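Trainee: Could we go through how the helices pack in this model, one contact at a time?

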Amino acid sequence: MSLTECELKIQYCRDARLPTIKEVMLAVSTTWNVPYEWMTNHRRSPEYSTPRQIAMAISRRLTRRAYPEIGRRFNKDHTTALHAARKYKWLLDEVEKQIGL
């Protein structure tokens, strides 16, 4: 599945309420076909960190939670969440253009 499909899975939450960070984590782990536990894992290899960083970036974009809270939910520092949001900003901007947000 693509990141666009992941965003669409989460989109249903925007209609009535903002999604939770946990809902974002579940949607990304399902989309990337990785165990949910990888979202809070401390490993740094790209197979672990890429879906986790994308989930952090989507969490920031959709939940509007502060970086310290996002970092805590992923068992990371707030600067890790900030890095993820900056790293994938361009990608999320493109997804939003594609789905008309």
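Trainee: Which residues in α5 do Q53, M56, A57 and R60 in α3 meet?

Mentor: The model is predicted, so local features need pLDDT of at least 70 and side-chain atom pairs count only at pLDDT 80 or more, whereas totals for chains, interfaces and linings use all residues. Residues are numbered from 1 along each chain as its sequence is written, and side-chain values use heavy atoms, with hydrogens and water left out. Taking contact as heavy atoms within 4.5 Å, the residues in α5 that meet Q53, M56, A57 and R60 in α3 are T80, A81, H83, A84, A85 and K87.

Trainee: How are α3 and α5 oriented to each other?

Mentor: The axes, which are lines fitted to C-alpha atoms over the stretch in contact, with angles from 0 to 180 degrees between N-to-C directions, come within 8 Å and cross at roughly 85° for α3 and helix α5 (residues 78-87). Since 65 to 115 degrees counts as roughly perpendicular, α3 and α5 are therefore roughly perpendicular.

Trainee: Is α3 largely enclosed or exposed?

Mentor: Buried means under 20% relative accessible area (1.4 Å probe, protein chains only). In α3, 14 of the 18 residues are buried, so the helix is, with respect to the rest of the structure, largely enclosed.

Trainee: What end-to-end distance do the C-alpha atoms of α3 show?

Mentor: The expected span is 1.5 Å times one less than the number of residues. For the 18 residues of helix α3 (residues 46-63) this gives 26 Å, which agrees with the distance between its end C-alpha atoms, 24 Å.

Conventions. Helix = DSSP H or I, 4+ residues; strand = E, 2+ residues; numbered from the N terminus. Buried < 20%, exposed > 50% of the residue type's maximum accessible area, 1.4 Å probe, protein only. Parallel < 35°, antiparallel > 145°, perpendicular 65-115°, else oblique.
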